[in-house]
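Visitor: I'm new to reading protein structures. Could you walk me through this one?

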Number of protein chains: 2
Amino acid sequence: MKTVTFEKCAELLHNADNILILMHRSPDGDAVGSGYALAHALRKAGKKVMPVCSDDIPEKYGYITDTLEVQNFEPEYIVTVDLADTQLFGDKLIQYKDKVNLCIDHHPSNTGYAEYGIVDAKAGACAQIIKKVINAMNISIDKNIANAIFTGISTDTGCFKYSNASAESYQMAAEMIECGADGFFINKLMFDTKSRQRLEIERLALNSLTYHYDGKIAVIFITKEMMKKSGASDDDTEGISGMPRQIEGVVIGITIREKDNGNFRVSMRSAGDKDVSAVCAEFGGGGHKAAAGCTVTGTAEEVKEKVILAAGAAL
Amino acid sequence: MKTVTFEKCAELLHNADNILILMHRSPDGDAVGSGYALAHALRKAGKKVMPVCSDDIPEKYGYITDTLEVQNFEPEYIVTVDLADTQLFGDKLIQYKDKVNLCIDHHPSNTGYAEYGIVDAKAGACAQIIKKVINAMNISIDKNIANAIFTGISTDTGCFKYSNASAESYQMAAEMIECGADGFFINKLMFDTKSRQRLEIERLALNSLTYHYDGKIAVIFITKEMMKKSGASDDDTEGISGMPRQIEGVVIGITIREKDNGNFRVSMRSAGDKDVSAVCAEFGGGGHKAAAGCTVTGTAEEVKEKVILAAGAAL
């Protein structure tokens, strides 16, 4: 993949038409925000363009997707946004895996599958790079673009709570609000609204909470029965793994989820400097120092005991 | 109170010395952030200055308060920050109620108790006004000032989730990070950390959750027994009243807290355009359209029934 400047990127897009913008499967706020912001901008430049995704885009992003009319055309130019790897294209888009002309991304793990690319791992959200691309194309940012970019930044930084929320993230959020983004509406919808199923699985998860090693380890245990009882989908459990680590005094937070055939999915989060990826590696898993996972097989009690013991040894 | 420009405010402060900065009782992040940011800045200008409060400042603000050495002096000039009303001075500071030289605040309800004042109700946080005062004084913003101002902005906007988070709030947050503020540390500490007692009262509150009127009303019921069992203090229950309203489909969220002598404190939150202050007024309470409260007397069951019926009538 040939790295390009923003100027070159703008030139490539100005020269293209009938553009397909690919978003990753299981699309999140940054994927949708980046894809639709770029699509809106390219429409303003007179292009035929459509953002596409292998999976349905969750309804909560309707305020972004509903503002762009569907266009049908024979694709001539393929752009990916927030897409680190062709493995994340999903079934419907995998046909384009060797045909990507331009990749705009912020994942350090980007595999460089495209002809041209801008990858900035320092950007808190891919939407921040898209904003610079739009600026380089000299396209003015309207309310629709602003809402999409704001959503990307806010969701990928966990409402400005994660370490990737940089001065640039805040500064661009300010600019997007000045361009018409409804930051209040977006943050309320993304971070202050829970489905009944989500609240129910949270309640059951909290009821399962146990403390170990003088409160340095906290464990949440989610059974298949609990998932069924709550009616929660996998989407509803997003972020639950972060709950035990939030507790004051907890050094390692563990979430164990019962899967099929005696398998249990374990998520570990470290609140301090303990390396949970090393703990998970003992069970054949991995991840980052502060967030890792593994799959452990056995009875519920066996798995819980093994995992707590391994985490305890890492304290 | 005579309204002054930022220039005049800067002049007043440049001409003063032995300055006492009063913060309101039950100090929050904006009170502490505003008070300490201004104190740090005035120290840089060579002044003797100390922020003071009737109540102890919560330990979690230690990263702000610990950076300022305690100074003792005979106060000559009294400044208040984020302080709408002399009723909020508290016991230790009430002696200054008729002696305030300068008031810097963002509450529209400010009673104008000082000689001079800057009150800007459009500022999301008082810390945003303090920042402009420091700029007007030509004092450069260092890490300590930046951390204090960032804290004020972030806490008073609920980590940028409330409607008062304006473009200016985000823009100043960006600037503070550039001046050395550790936004990640601050937001994690303020919004991503819960005490065990807090989590326990949350768990018990969730277990008490009931839905009414087709899920349009959700009610949480917190008994004295639950408070005792969880070990939670009133501080730990901060924000719990917001939980029922977060649920998808809920129009009015109600939290009922058992108090002494058959009294129950009711908090109502509206997710849409229903006016809960009118509902609370039926019980002799009041508040805002979207957030109101009242006290109702009776047995737990009676109170619950009365309150739900009244809220249901407002749907």
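Guide: Let's start with a term: helices (H or I, at least four residues) and strands (E, at least two) are DSSP runs, numbered from the N terminus. Keep in mind, too, that this is a predicted model.

Visitor: Thanks! Where does A114(A) sit?

Guide: Look for strand 5 (102–105) and strand 6 (116–119) of chain A. A114(A) is at 8% relative accessibility and counts as buried, because buried means under 20%. Its place is the loop between strand 5 and strand 6 of chain A.

Visitor: Which residues is A114(A) in contact with, leaving aside its neighbours within four places in sequence?

Guide: Skip those sequence neighbours and look at what else touches A114(A). By comparison, I177(A) is 63 residues away from A114(A) in sequence and 33 Å away in space, C-alpha to C-alpha. The contacts of A114(A) are with M1(A), V100(A), L102(A) and C103(A).

Visitor: On to the helices. At what angle do helix 4 and helix 5 of chain A pack?

Guide: Two packed helices are described by the angle between their axes and the distance between the axes. Helix 4 covers residues 126–136 and helix 5 covers residues 143–156 of chain A. Their axes are 8 Å apart, and the angle is about 150°.

Visitor: Which residues make that contact between helix 4 and helix 5 of chain A?

Guide: On the helix 5 side of chain A you'll find I145(A), I149(A), G152(A) and I153(A). Across both helices, the contact residues split into 5 nonpolar, 2 polar and 1 charged. On the helix 4 side of chain A, the residues are A127(A), Q128(A), K131(A) and I134(A).

Visitor: How many residues of helix 4 of chain A are buried?

Guide: Go through the helix and you'll meet buried residues including C126(A), I129(A), I130(A) and V133(A). Helix 4 of chain A is largely enclosed by the rest of the structure, because its buried residues number 8 of the 11.

Visitor: What comes with a positive phi after helix 4 of chain A?

Guide: Follow the chain on from helix 4 of chain A. The phi there is near 60°, and the residue is N138(A).

Visitor: Is C159(A) buried or exposed?

Guide: First find C159(A) in the loop between helix 5 and helix 6 (167–178) of chain A. C159(A) isn't a glycine, yet its phi is positive, near 55°. Its relative accessibility is 2%, so C159(A) counts as buried.

Visitor: Over in chain B, what is the phi of Y213(B)?

Guide: Y213(B) lies in the loop between strand 7 (210–212) and strand 8 (217–222) of chain B. With a relative accessible area of 37%, Y213(B) is partly exposed. Y213(B) is not a glycine, but its phi is positive, about 50°.

Visitor: Which residues form a nonpolar patch on the surface of chain A?

Guide: One member, L315(A), is in the segment after helix 12 (300–313) of chain A. L315(A) is partly exposed, with a relative accessible area of 31%, and residues in patches need over 30%. The patch has about 270 Å² of accessible area together, and its members are Y213(A), L309(A) and L315(A).

Visitor: How many salt bridges does the structure hold?

Guide: Here the count runs over all chains. The total is 22.

Visitor: Which residue forms a salt bridge with E175(B)?

Guide: The closest N and O atoms of the pair are 2.9 Å apart, and the partner is K131(B). E175(B) is in helix 6 (residues 167–178) and K131(B) in helix 4 (residues 126–136) of chain B, so the pair ties together parts 44 residues apart in sequence. At 24% relative accessibility E175(B) counts as partly exposed, whereas at 5% the buried partner is K131(B).

Visitor: And which residue meets D234(B) in a salt bridge?

Guide: The N to O distance is 3.0 Å, and the side chain meeting D234(B) belongs to R257(B). D234(B) lies in the loop between helix 9 and helix 10 (243–246) of chain B and R257(B) in strand 9 of chain B, so parts 23 residues apart in sequence are tied together. D234(B) counts as exposed at 51% relative accessibility, while at 16% the buried partner is R257(B).

Visitor: Last one: which residues do shared salt-bridge partners join into one network?

Guide: For this one, go back to chain A. The network is made of K194(A), R198(A) and E202(A).

Key: Residues numbered from 1 in each chain as written. Chains lettered and ligands numbered in written order. Predicted model: local features only at pLDDT ≥ 70, side-chain atom pairs only at ≥ 80, totals over all residues. Heavy atoms only, no water. Patch = residues over 30% accessible without salt bridge, like charges linked within 9 Å, V, L, I, M, F, W, Y side chains within 5 Å. Areas by Shrake-Rupley, 256 points an atom, 1.4 Å probe, with all protein chains shown as cover. Salt bridge = Lys/Arg side-chain N within 4 Å of Asp/Glu carboxyl O. Buried < 20%, exposed > 50% of the residue type's maximum accessible area, 1.4 Å probe, protein only. Axes fitted to C-alpha atoms, helices over the stretch in contact; angles between N-to-C directions. Contact = heavy atoms within 4.5 Å. Nonpolar A, V, L, I, M, F, W, Y, C, P; charged D, E, K, R; others polar.
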